[in-house]
Amino acid sequence: MKILIKNAKVLTMSGEPIERKEIGIENDRFTFVGNAPEGYEADIVIDGEGHIAMPGIVNAHTHSSMSLLRNYADDLPFWEWLTEKVWPVEEKMGPEEVYWGTMLSNAEMIRSGITAYADMYFYSAETAKASLEAGLRCSIAQGLIGSSDKDKEKLEATRQLYREWHMTGDGLITVMAGPHAPYTCDDAFLTKVIELCAELNLPIHTHLSESEKEVKDSLEKHGRSPIQHMNHLGLFKQHTLAAHCVHLRDEDFEILRENQVHVVHNPSSNLKLGNGISPVSRLLLSGVNVSIGTDGSCSNNNLNMFEEIHLAALLAKGSTRDPAVLPAYQALEMATKNGAAALNLGSETGKIQTGMKADVILVDLEQPHLYPHYQLDASLVYSAQASDVRTVIVNGKIVMEKGELKTIDLEKTYYEIKRITNKLSN
Ligand code: NI
């Protein structure tokens, strides 16, 4: 299958200026970015007039099935929210709930231009199934909470997930290990997780230094910050995607840089749960790869990456009182190629470049809130809305065309979500 996108202004994220280029896609990869070879014939021609074509957005941290808990537990302190509201209802969820929760999130993510995401939850095989059907790139991680009696079983489940799902669907699905957080996994369990990851060369997806309490408790218990402690245990020897990193001590920055830890900034979730603002501009200046995530719909409460990109740029300026930090292009890097690197897919996606996987979206510039068109990177960060995304291609397949979802039956999804949430709330 050959697709030609013509007449669009193209933001490649490879450092070139945004200008009109033609993009060729054959099967799952970009075959040219510039001018189509003479006499080039495509099976599908997409007219991108009035649109900007950019790499698909990477949501580097979410729990997609938590869409089932959207607007279920709000305006609560973090610990009460997690332990008294979220965990008890999650106990009632099974594979079917996770599948449909993921499907709902997949619809929402495609509509807002997300082509790849990193997920941590349970029944992760269901997340993989739903993502394959939706045609989204997904890195699954089965959330691991360490309790010595079931350690072996849990690690075996991650091993099985890796065997059954890693690199399936033409590489759409990849697998990570998901130790939930230092405060939910004891040292003995984390050591076993690290051993398994070393054996399988498995990247790690975790939450780190999210709340003030987490840091305080870690200092009291170990005499080390959560980041120092994870480093002490050897976690960072593996590729690590660390969500949050809100409360950092001076020494943490160097540890994160030295170990090439991939930090995921989740501005809405950190604000909504009252956890604070991650020092993103200092992390970036320290040489840390920082990407952006939505976190789950129960602490956001949507999966709109345009909102997160916008917030990331604004919060960095507001918290440092410096309007020059985190300029628009850098915010877009965080949401594309930095996110791809966090998912361990930096050589495959995150840019529009010949030979890379064809993950590309078209954003409609013919909107009142996007006129005039001076600086299109600024338009995307400061003015664009998720609903401006019109066409989404993942792995060379069109999953949304002119606003119409091609892979997801939204009516059926709504029906199942209503049925499931009726059951969950009883
Ligand atoms: Ni999270």
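In what order do the four strands of the open sheet stand? The legends below address this question and then turn to the nickel site of this predicted model.

**View 1. The open sheet of four strands.** The strands follow the order E5-E4-E1-E6, and their pairing is mixed. Strand E5 (29–34) and strand E6 (44–47) occupy the edges; each has a single partner strand, so one side of each is left without a neighbour in the sheet. On average, neighbouring strands of this sheet are turned by 15° against each other, direction ignored.

**View 2. The pairing of strands E1 and E6.** Strand E1 (residues 2–6) runs in the parallel sense to E6, and four bridges connect the pair. Ile 5 has Ile 46 of E6 as its bridge partner.

**View 3. The protein donors of the nickel ion.** The ion is coordinated by His 61 (NE2), His 63 (NE2), His 207 (NE2) and Asp 295 (OD), at distances of 2.1 to 2.3 Å. The angles subtended by the four donor atoms span 86 to 177°, which makes the arrangement irregular.

**View 4. The donor residues of the nickel ion along the sequence.** Their spacing is H-x1-H-x143-H-x87-D. His 207 belongs to strand E12 (residues 204–208), whereas Asp 295 is located in the loop between strand E15 (290–292) and helix H12 (305–320); the pair therefore ties together parts that are 88 residues apart in sequence. Are these two residues, His 207 and Asp 295, buried or exposed? Both His 207 and Asp 295 are buried.

Methods:
Residues are numbered from 1 along each chain as its sequence is written. This is a predicted model: local features need pLDDT of at least 70, side-chain atom pairs count only at pLDDT 80 or more; totals for chains, interfaces and linings use all residues. Side-chain values use heavy atoms; hydrogens and water are left out. Two strands pair if DSSP finds at least two bridges between them. Helices (H or I, at least four residues) and strands (E, at least two) are DSSP runs, numbered from the N terminus. Axes are lines fitted to C-alpha atoms, for helices over the stretch in contact, and angles run from 0 to 180 degrees between N-to-C directions. Donors are N, O and S atoms within 2.8 Å of the metal (3.2 Å for Na, K and Ca); water is not among the atoms, so sites may look incomplete. Four donors count as tetrahedral if all angles lie between 85 and 135 degrees; four count as square planar and six as octahedral if opposite donors are over 155 degrees apart and all others between 65 and 115; anything else is irregular. Buried means under 20% relative accessible area, exposed over 50%, partly exposed in between (1.4 Å probe, protein chains only).
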